[in-house]
Amino acid sequence: MSYDSERQLIEKPSFMMALLPLLLAVILVAMQVFYYGDVSPHVPLALGVVITAAFGWYRGYRWKEMQDGMFNVIHVALPAIFILYTIGMIIGTWIHAGTVPLMIYWGLQVLDPGYFLFAACVICSIVSVATGTSWGTTGTMGLALIGIGEGLGVPMHMTAGAVVSGAFFGDKMSPLSDTTNFSPAVVGSNLFTHIRNMLPVTVPAMILALGAYLYFGMRFADGNIDQAKLDATVNTLQGEFNLNFLVLLPAVVVTFLAVTKKPALPGLFSGVLVGGLCAMVFQGAGLHDIYNTVLNGYSSDTGVAEVDSLLSKGGIMSMNWTVTLILIALAFGGLLEATRCLETILDTILSFAKTQASLLLSALASVFGIQVVTGDVFLAMALPGRMFAPAFRGKGIHTTALSRSMEDAGTLSAPLIPWSAGGVFVAGTLGVATLAYLPWAIACWASLLIDIAYAITGAFIPKATEEDFAEWQERDDAVLIDGEMLPSSQIEASALKLS
């Protein structure tokens, strides 16, 4: 909230005025993406920041107030940014160490084209649940699976879709995931209650995805594998790297630290250190070579184009495109929040959400809409989460219904939006355009559709209990009843609209 030294809080803008800077920014981004055919929305979003700042200045906000609004939101995302840079280091060092090449080598020996898509999704699900990171899973196991699929004759966009389905399923369901911890924290619910409440959506979506991968994968079961190309890849990997099982040590270390619930950033950075050490011991790399790999990524020069394009990845610098986009998007979202534009928009939406179904659908639409505009999953979760939680309490709906909506419209939609941080990372790492793999990321969009169906029908919508209400009273959480925001301590449990 922003205050002037001589007056109280500046009034919220009207709905149309609040929508104006948002619409102008969306138009600029749309021109860049659809008219110019450039999927780099950095400059249009930066212009959106300028437009919103000018709007704030016109409304009477001081620059310091708007700057604080931007920096406060950016501060929340700094751990994710450091993790992203660390994943860039992991990709480079794990390739250099032979970890990723060994995964590809073994996969080409073992996996069959007919069940490859099914296996790719399951493997990424397991790794992501164990580690709690969709980005880390995509950048390591996903990258290896892209190489395996290419060798088996499976189209890259289909493999990428299966990888995304598995990796982001794990991110959503793992108690180690940042978004899985973040969403219940925002709405004031319990982590494991939140995870249990996601099962009615996530399990059917994953069953649908796995069934589709088995069905369509059978198209490749009797196909003719390009054996010469497969042999060239296998022989190249065998000739360029020392492929003994000890090069899996970096993956073992990261998985162990994740399962034992060690902090994410130190655990991931341990993988960088062990990866660099393995590259020196098993691949004969020098210390300066490791420095260069950590900074600029691994550069493959085998002479086999398929192998070189697959393994020339990673490094700190490879993440700058994504990180700069995240920072600009967060600054834009922070300004919209500081100038109370988002508050006005969400309040307007809430004023029309009179029924349980309309409330649930509004929450889903708000999370997805903010992510489309800003490209940042944390902002898309935080703002609607804070705004809608009192309304859910006022309707007697358990707030895990809201946190589930935040995951389905936020976490799982992130890799499906070309300019979002998730979409940019996946496309850049796997080398497949977002819109190309989107139809095959079945578990992601199916979860959102299932959640929409539940919102309309009222199925699997958890109700608040007397114990929940007692917990709200203890924390004195806000409750919205008939358009009036009240603290829980002033409301009897019987006053809640348990409909």
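Here a trainee and a mentor talk through some helices, a cavity and a few single residues in a predicted model.

Trainee: Let's start with α7 and α8. At what angle do these two helices pack?

Mentor: Two packed helices are described by the angle between their axes and the distance between the axes. Here α7 covers residues 156–173 and α8 covers residues 178–187. Their axes lie 6 Å apart, and the angle is about 40°.

Trainee: So is that parallel, perpendicular or oblique?

Mentor: Angles under 35 degrees would count as roughly parallel, and roughly perpendicular runs from 65 to 115. The α7 and α8 pair sits at about 40°. That makes α7, relative to α8, oblique.

Trainee: Which residues of α8 does α7 meet?

Mentor: On the α7 side, look at Asp171, Lys172 and Met173. By class, this contact has 1 nonpolar, 2 polar and 3 charged residues. The α8 residues that α7 meets are Asp178, Thr179 and Thr180.

Trainee: Staying with α8, which of its residues are buried?

Mentor: Buried means under 20% relative accessible area. Thr179 and Thr180, which meet α7, are on that list. The full set is Thr179, Thr180, Phe182, Ser183, Pro184 and Val187.

Trainee: And what residue follows α8?

Mentor: Look just past the helix for a residue with a positive phi, near 80°. That residue is Gly188.

Trainee: Back to α7 for a moment. Is Ala162 buried or exposed?

Mentor: Ala162 is found in helix α7, and it touches Leu117, Ala120, Cys121, Tyr213 and Trp440, leaving aside residues up to four places away in sequence. With a relative accessible area of 0%, Ala162 is buried.

Trainee: How far apart in space are Ala162 and Ala120?

Mentor: They are 42 residues apart in sequence, and Ala120 is among the residues that Ala162 touches. C-alpha to C-alpha, the spacing is 6.2 Å.

Trainee: Now the empty space. What is the volume of the second largest cavity?

Mentor: Rolling a probe the size of a water molecule over the atoms shows where empty space is left. The structure holds 2 cavities of 30 Å³ or more. For the second largest cavity, the volume is about 40 Å³.

Trainee: Which helix gives the largest share of that lining?

Mentor: The second largest cavity is lined by Leu360, Leu364, Ala401, Arg404, Ser405, Asp451, Ala455 and Ile461. By class, that lining has 5 nonpolar, 1 polar and 2 charged residues. Helices α17 (356–374), α19 (400–411) and α22 (442–457) each supply at least two of its residues. The largest share, 3 residues, comes from α19.

Trainee: Ser403 is in α19 too, right? What does Ser403 touch?

Mentor: Yes, the place of Ser403 is in helix α19, and Ser403 is buried, with a relative accessible area of 0%. Three of its partners, Ser183, Pro184 and Val187, are buried residues of α8. Not counting residues up to four places away in sequence, Ser403 touches Ser183, Pro184, Val187, Ser189 and His194.

Trainee: What about the loops? Which residue between α15 and α16 has a positive phi?

Mentor: Look in the loop between α15 (320–338) and α16 (341–352). The residue there is not a glycine, yet its phi is about 70°. At 9% relative accessibility it counts as buried, and its name is Arg340.

Trainee: Where does Phe460 lie?

Mentor: Phe460 also has a positive phi in a residue other than glycine, near 55°. As for its place, Phe460 lies in the loop between α22 and α23 (466–475).

Trainee: What does Gly98 touch?

Mentor: Gly98 is found in the loop between α3 (63–97) and α4 (99–110). Gly98 is buried, with a relative accessible area of 0%. Setting aside residues up to four places away in sequence, Gly98 touches Phe241, Leu243, Val247 and Gln283.

Trainee: Last one. How does Ile27 count: buried, partly exposed or exposed?

Mentor: Ile27 lies in helix α1 (residues 15–35). Buried means under 20% and exposed over 50%. At 48% relative accessibility, Ile27 counts as partly exposed.

Methods: Residues numbered from 1 in each chain as written. Predicted model: local features only at pLDDT ≥ 70, side-chain atom pairs only at ≥ 80, totals over all residues. Heavy atoms only, no water. Axes fitted to C-alpha atoms, helices over the stretch in contact; angles between N-to-C directions. Helix = DSSP H or I, 4+ residues; strand = E, 2+ residues; numbered from the N terminus. Parallel < 35°, antiparallel > 145°, perpendicular 65-115°, else oblique. Contact = heavy atoms within 4.5 Å. Nonpolar A, V, L, I, M, F, W, Y, C, P; charged D, E, K, R; others polar. 1 Å grid on protein atoms, 1.4 Å probe; cavity = no way out; pocket = protein on both sides within 12 Å on 5 of 7 lines; lining within 4 Å. Points joined across faces, edges and corners; volume = space filled by probe spheres on them. Buried < 20%, exposed > 50% of the residue type's maximum accessible area, 1.4 Å probe, protein only.
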